[in-house]
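Colleague: I have a new model open and would like to learn how to read it. Could you walk me through it with me?

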Amino acid sequence: MKKLLSLFLSVLMITALFVPMGTYADDSIKVVIDGANQVYDVMPVIVNDRTLVPMRGIFEALGAEIAWDDATKTVTGTKGDIKIVLTIGNAVAKVGDTEVTLDSPAAIVSDRTMVPVRFISESLGCKVNWIGDTRTVEISSKAGMAALKSDVHRKVPTSFEKSNALDDLYFFPQGGKAMDEIFKSLQGAKEIYSMADLKERIKNSGEEYGQMEFIQVDGKEVLRITTTSVPQTLSKAILKDPTAFKDRFSGGDILLFTFKLRTVSGGDETGKGKIQIQVEHPETYKKMLFEYASAGKEWEQIYLPLEGKQDHYSMGIRFGFYAPQVVEIADFQVLDFAGTQYTISDLPMTGGETYPELDEGAEWRTQALKDIEANRKGDFSVVVKDKDGNVIPNAEVEFDMFEHEYQFGASTNNKIYTNDEYAKRFAENFNTMVVEHTMKWGPYEEDTGNPKAARKTVDKSKELGIKYFRGHTLIWERDLSSSGASYLTPAYMFEDEMLLNRPKFDATVEAFIKEMCEAFPEMDDWDVVNELTYYDAFRQKVGDEAMVQWFDWARKYSQPGTDLYYNETHGVWEYKDEFWGYLDFFKKNNVDIDAIGIQSHNNAGRYFPQPTEVKAMYDRIANEYGLKLKVTEFSCSRPDAYLQAAHMRDLMIVTFAHPASTGFLMWDFWDGGSFSAYAPLYSSEWGLKKAGQVYQDLVYNKWWTKDAKATTNAEGKASVRGFYGDYDVTVTANGKTKTVSCAYHKGYDNVLEITID
């Protein structure tokens, strides 16, 4: 539709008329439609105390089609049975057969046709509200009640340690000192690696970047590491013991690295040095442990717990972070807690780094909790009548939420239909799913099953009561997977025979987009493009302009109402200029995009953005580009379960609080099936982790409306305030009880009428 509108407007813009007297642009005025900020290339203008906005933007956002009559300079907007006719410069407009006199007629401003926002919106059946304090035009295109998409009642967590008060949160200690008392209480551990082992076995594989030596300090053996230059790749500067733990522990054992660390000289600008401890598979290099440790001039105790994985026995100490840097390690040992009752959550955990914004009392969180109250809750009403239409006062009404409107989810795979325990846990925690792998072009094409794995995964999710579905991904300009075992996109798509034959390339891409959109009509979202800042093999040959077509094809073949996404990984932080450059490209080229997916893989070795930084990014996406957003692939693979839980808590809060966000999804949730060493919710034995406690407490305790009760007034109306979602509403009146399931969603009137027969 956007392309059609652009075609009409290219004709319309040649019209040159004077702007009426008294017109001025006002960049302080905001227009919000159904909760989404509107972004226009020409700012709203005030004419005779009426707000005018670009015609294309308002008609398009409200779902109307446009026709242009050049002979009469008349624009016709049509939505269903409603037809609006405006003539440039004419104060008389028509809605259907009715003439309406406008205080401010349509006008040309900066080559854009501007129309009165209230007149257009109300004529199309929308509600318009002016909020003077914030100078915001708030438009709701919805009325009545949202349709109930599903009345399935998942079995969700109901027992919690905390109250449901928004600020009664879990908080966790940071830093080594808070962990010493925990360590002292532990019993039954066996030492499997010592300081003597370290001295005997460790070798320097990066001598061009620094040296190692063992010295005596206060009668104690100490490893001194001197960094002389920083390598381009950190893996070049590493001390290695490639068989450190071979035959020393069993898969599933709970292990603990413990040592003291200090910086003798150098380090960062504050005088803190840094190392990174890794334990990995010697062939696949998949990490069992990959965590930083840092310290200043005083000795700091470091604790790094982990769950042992079979054949992950190669150990390394990366040291090339700062030059110059001299750090020392003492009392190095690795303990095995096999045969004890301890879990990772019972062990002391430090990463050597602390984050003040994750502490209790952080200022940003106070405002975020207020934003949750404002943005995620609404006023819900019930009008109770008898069979003759008479209102019933003093009826008792109870509102019980059984599903979120907001999307909380995770990626999944064949485990959902092959592992009963996995399926049960998935359904308990999530209302949203995304297929992890088998919906990508390469795996989907290689899958000759009938039905294919992706289809079985989606169908099983439906059986479990999952409500929302994400499609991942239509176009990913990446060939091989990380292991090199499979093509994520077919190999033939990267050959010159394809890329240099534009008609063939376009036809092939369009055919795949069509196939996927038609094969999976239940998708609420589609990632049209994925990781643009990292992979551009197609666009090197066909140009960025090809993306305009990719989004147009996705719109053409997907179901009405499907949101189209640009999904990006850590490039939002590592390649900021490129990321924002793509959003500028989409805006400039009128790309038919709805939202940005932010993967949020905040794992060891990655930049760790804090809540205020995340919110600033969300604000820019919403305010500068008018797009929705979603956390699409959260992971936090860190052995420090306290840090993992604290980060999940605050990323969830800052995301749920933001009005432009629509969901929070993880990239797997269970250690037994995760692509990384540590998943957020469950251990491999299905023990609920600290991050799992945080997640369930937020989603099903603090952000969940239960047992809200009210009594109808003289007009037969009862109201409560609750979180947007699906509800069972139970009315008791005149000795009778009736329960109705309904959807109280954002942007609707949310007044339900119940008749007691």
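**Loops, strands and a helix**

Modeller: Happy to. Let us begin with one residue: D311 sits in the loop between β23 (300-307) and β24. Keep in mind that this is a predicted model.

Colleague: What is the phi of D311, and is the residue buried or exposed, or partly exposed?

Modeller: Phi of D311 is near 65 degrees, a positive value in a residue other than glycine. With a relative accessible area of 42%, D311 is partly exposed, because partly exposed covers the range between under 20% and over 50%. You can read D707 in a similar spirit: its phi is near 50 degrees, also positive in a residue other than glycine. D707 belongs to the loop between α19 (690-702) and β36 (708-711).

Colleague: Which peptide bonds are cis, and where are their prolines?

Modeller: For this, look at omega. From A323 to P324 the peptide bond is cis, with omega near 0 degrees, and P324 is placed in the loop between β24 (314-318) and β25 (325-336). Another cis bond joins N450 and P451, where omega is about 5 degrees. P451 is in the loop between α9 (441-446) and α10 (453-463).

Colleague: That brings us to α10. Which of its residues are buried?

Modeller: Start with the general idea: an α-helix has 3.6 residues a turn, so residues three or four places apart point the same way. Now the case here: A453, A454, R455, T457, V458 and S461 are buried in α10.

Colleague: What covers those buried residues of α10?

Modeller: The cover includes the strands β28 (407-412), β29 (432-435) and β30 (468-471), together with the helices α7 (415-418), α9 and α12 (502-519). After α10 comes G465, with a positive phi near 95 degrees.

Colleague: Now a strand, please. Why is β32 described as largely enclosed?

Modeller: Count its buried residues. In β32 (residues 563-568), 6 of the 6 residues are buried, so the strand is largely enclosed by the rest of the structure. Then check which way the residues point: D563, Y565 and N567 point one way, L564, Y566 and E568 the other way, and all are buried.

Colleague: Which strands pair with β32, and over how many bridges?

Modeller: Look at the bridges. Strand β31 (residues 525-530) pairs with β32 in the parallel sense over 5 bridges; for a point to find on screen, L564 in β32 is the bridge partner of W526. Strand β33 (residues 595-598) also runs parallel to β32, and 4 bridges join the two. There, N567 has G597 in β33 as its bridge partner.

Colleague: Back to loops. Where is F249, and is F249 buried or exposed?

Modeller: F249 is in the loop between β19 (238-241) and β20 (254-266). Its relative accessibility is 13%, so F249 counts as buried, the cut-off being under 20%.

Colleague: Which residues does F249 touch?

Modeller: Setting aside residues up to four places away in sequence, F249 touches I192, L255, M288, G308, K309, H312 and D336. You can also compare places along the chain with places in space: F249 and L335 are 86 residues apart along the chain, while their C-alpha atoms are separated by 9.8 Å.

Colleague: And what can you tell me about I88?

Modeller: I88 lies in the loop between β8 (82-87) and β9 (92-95). At 11% relative accessibility, I88 counts as buried. From I88 to M114 there are 26 residues in sequence and 9.2 Å in space, C-alpha to C-alpha.

Colleague: Let us step back. How many helices and strands does the protein have, and how is its overall shape read?

Modeller: The protein has 19 helices and 40 strands. Its radius of gyration is 30 Å, close to the 27 Å that the globule rule gives for 757 residues, so the protein is as compact as a globular protein of that length. Along the principal axes, its C-alpha atoms fill a box of roughly 95 × 75 × 55 Å.

Colleague: What share of the residues is buried, and what about contacts and surface?

Modeller: Of the 757 residues, 55% count as buried. Among contacts with a separation of 6 or more, residues 24 or more positions apart account for 74%. The protein exposes about 31,400 Å², and carbon and sulfur atoms supply 47% of that area.

Colleague: How far apart are the mean positions of the charges?

Modeller: The mean positions of the 84 positive and 114 negative charges are 1 Å apart.

Definitions and conventions
Residues are numbered from 1 along each chain as its sequence is written. This is a predicted model: local features need pLDDT of at least 70, side-chain atom pairs count only at pLDDT 80 or more; totals for chains, interfaces and linings use all residues. Side-chain values use heavy atoms; hydrogens and water are left out. Buried means under 20% relative accessible area, exposed over 50%, partly exposed in between (1.4 Å probe, protein chains only). Two strands pair if DSSP finds at least two bridges between them. The radius of gyration is taken over C-alpha atoms; the globule rule is 2.2 Å times the number of residues to the power 0.38. Contact means heavy atoms within 4.5 Å. Accessible areas come from the Shrake-Rupley method with a 1.4 Å probe; for residues, only the protein chains shown count as cover. Lys and Arg count as positive and Asp and Glu as negative; His and the chain ends are not counted. The place of a charge is taken as NZ of Lys, CZ of Arg, CG of Asp or CD of Glu.
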